[in-house]
Amino acid sequence: MDQAATSSSSSSSSSSPRRYTHEEYKETADWLLAHTEQRPKVAIICGSGLGSLADLLEDKTVFPYKDIPRFPTSTVPGHAGQLVFGKLQGRECVCMQGRFHFYEGYDIQTVTFPVRVFFLLGVETLIVTNAAGGLNDAYNEGDIMLIKDHINLPGFAGQNPLCGQNDERFGVRFPCMSDAYDRELRALARQTAEEQGCGGFLQEGVYCMVAGPSYETIAECRLLRTLGADTVGMSTVPEVLVARHCGLRVLGLSLITNMTVTDYDSNQKANHEEVLQTTRNRTQDLERFVSNLIAKI
Ligand SMILES: O=P(O)(O)O[C@H]1O[C@H](CO)[C@@H](O)[C@H]1O
């Protein structure tokens, strides 16, 4: 909480974002490299309630975020706040058991800090997961959606982690995003779901990021659906922008934890407890899916 509180009390998060230098990212990466012999090529960011993915790793080395130089800390229930190195299906992975959100008071560069650290560790593929609200009425609670594209609503309002001076050592000034979600990885994911017999609850669609922390109004849900979004959540997009900027391949997965409310006569209300309960109900299938998928990457 300290860093979030500090950044929002000393400056407005929109007018004065925290910018890290290449050296700062590298110091954190070098610290990690000095404290583990693992050299992961795959990083996984666990969404709300999805941290148990990290429990699948074998030969684990665990770093609480508070012990890692410059790492922010997790403040949201369902986000444990530790970085776990280990092997999944024999492949070395690093897993964020807990992510950072803009609504926690972190500026958008702090939210994405770990992604550049992963790049400097030698990671090549990022698997990013989230809990999301379903907007597409063909979806059901408990479905998994492969993200094929996103809508960056905070980006429309100037909140893009790539704003500010560009460091070419990470990537180009104007990165392309029409291929943000790797086509080959999505094909592998579809194949994995079929083999696992869970193709019936696999969807593929567009994730829309909102800043949160308030859930959407009925009018907002209707608007987002009209815009072409299939799911809505408060994360993921900043991490994907930074990952693609530095050339990581990205696979994005949304677990539909709740269907959004679009009917004025409904008594349903979005709430984080329901979000976490759905992740508990679906965690085993999701774990098996990610684990089988990693074996193919
Ligand atoms: O995106 P993740 O971190 O999975 O969490 C989702 O769940 C929380 C709301 O219930 C928000 O943080 C939203 O973004």
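How much space lies in the largest cavity? The answer is about 30 Å³. The structure, a predicted model, holds one cavity of 30 Å³ or more.

**The annotated domain**

UniProt, in an unreviewed entry, lists residues 41-294 as "domain: Nucleoside phosphorylase". Within the model, helix makes up 29% of this span and strand 26%. The C-alpha atoms at the two ends of residues 41-294 are 11 Å apart.

**The largest cavity**

The lining of the largest cavity is formed by Phe 100, Phe 102, Val 111, Met 209, Met 234, Ser 235, Thr 236, Pro 238 and Glu 239. Six of the lining residues are nonpolar, two are polar and one is charged. Phe 100 is placed in the loop that connects strand 4 (91-97) to helix 3 (108-111).

An unreviewed UniProt entry annotates Ser 48, His 79, Arg 99, Phe 100, His 101, Ala 131 and Ser 235 as "binding site". These positions are spread over 188 residues of sequence, yet they cluster in space, with a largest C-alpha distance of 13.6 Å. Phe 100 and Ser 235 from this set belong to the lining of the largest cavity.

**The two largest pockets**

The table sets out the volume of each pocket and the make-up of its lining.

| Pocket | Volume | Nonpolar | Polar | Charged |
|---|---|---|---|---|
| Largest pocket | about 320 Å³ | nine residues | 11 residues | two residues |
| Second largest pocket | about 260 Å³ | six residues | seven residues | four residues |

The largest pocket has a lining of 22 residues, and those nearest its centre are Ser 48, Ala 131, Tyr 215, Met 234 and His 272. Which elements each supply at least two residues of this lining? They are strand 5 (125-134), strand 8 (231-233), strand 9 (249-259) and helix 9 (272-294). Strand 5 gives the largest share of the lining of the largest pocket, with four residues.

The second largest pocket has a volume of about 260 Å³. Its lining comprises 17 residues, and Arg 19, Tyr 20, Arg 116, Gln 165 and Asp 167 are the closest to its centre.

**A second annotated set**

Glu 216 and Asn 258 are also listed by UniProt under "binding site", again in an unreviewed entry. This set extends over 43 residues of sequence but clusters in space, the largest C-alpha distance being 12.3 Å. Both Glu 216 and Asn 258 are part of the lining of the largest pocket. Glu 216 itself is found in the loop between strand 7 (202-209) and helix 7 (218-227).

**Packing of helix 6 and helix 9**

Helix 9 contributes at least two residues to the lining of the largest pocket, and this helix also packs with helix 6 (residues 183-196). The axes of helix 6 and helix 9 are 9 Å apart, and the angle between the two helices is about 125 degrees. Helix 6 is therefore oblique to helix 9. The crossing of the two helices is right-handed.

**Summary**

The predicted model thus presents one cavity of 30 Å³ or more and a largest pocket of about 320 Å³. Residues that UniProt annotates as "binding site" appear in both linings: Phe 100 and Ser 235 in that of the largest cavity, and Glu 216 and Asn 258 in that of the largest pocket.

Conventions: Residues are numbered from 1 along each chain as its sequence is written. This is a predicted model: local features need pLDDT of at least 70, side-chain atom pairs count only at pLDDT 80 or more; totals for chains, interfaces and linings use all residues. Side-chain values use heavy atoms; hydrogens and water are left out. On a 1 Å grid over the protein atoms alone, a cavity is a set of points where a 1.4 Å probe fits but cannot get out, and a pocket is an open set with protein on both sides within 12 Å along at least five of seven lines; lining residues have an atom within 4 Å of a point. Grid points are joined across faces, edges and corners, and a volume is the space filled by probe spheres set on the points. Ala, Val, Leu, Ile, Met, Phe, Trp, Tyr, Cys and Pro count as nonpolar, Asp, Glu, Lys and Arg as charged, and the others, Gly among them, as polar. UniProt positions are given in the numbering used here, feature names are shortened, and annotations may be inferred rather than shown by experiment. Axes are lines fitted to C-alpha atoms, for helices over the stretch in contact, and angles run from 0 to 180 degrees between N-to-C directions. Angles under 35 degrees count as roughly parallel, over 145 as roughly antiparallel, 65 to 115 as roughly perpendicular and the rest as oblique. A crossing is left-handed if the near helix is turned anticlockwise from the far one by less than a right angle, and right-handed if clockwise.
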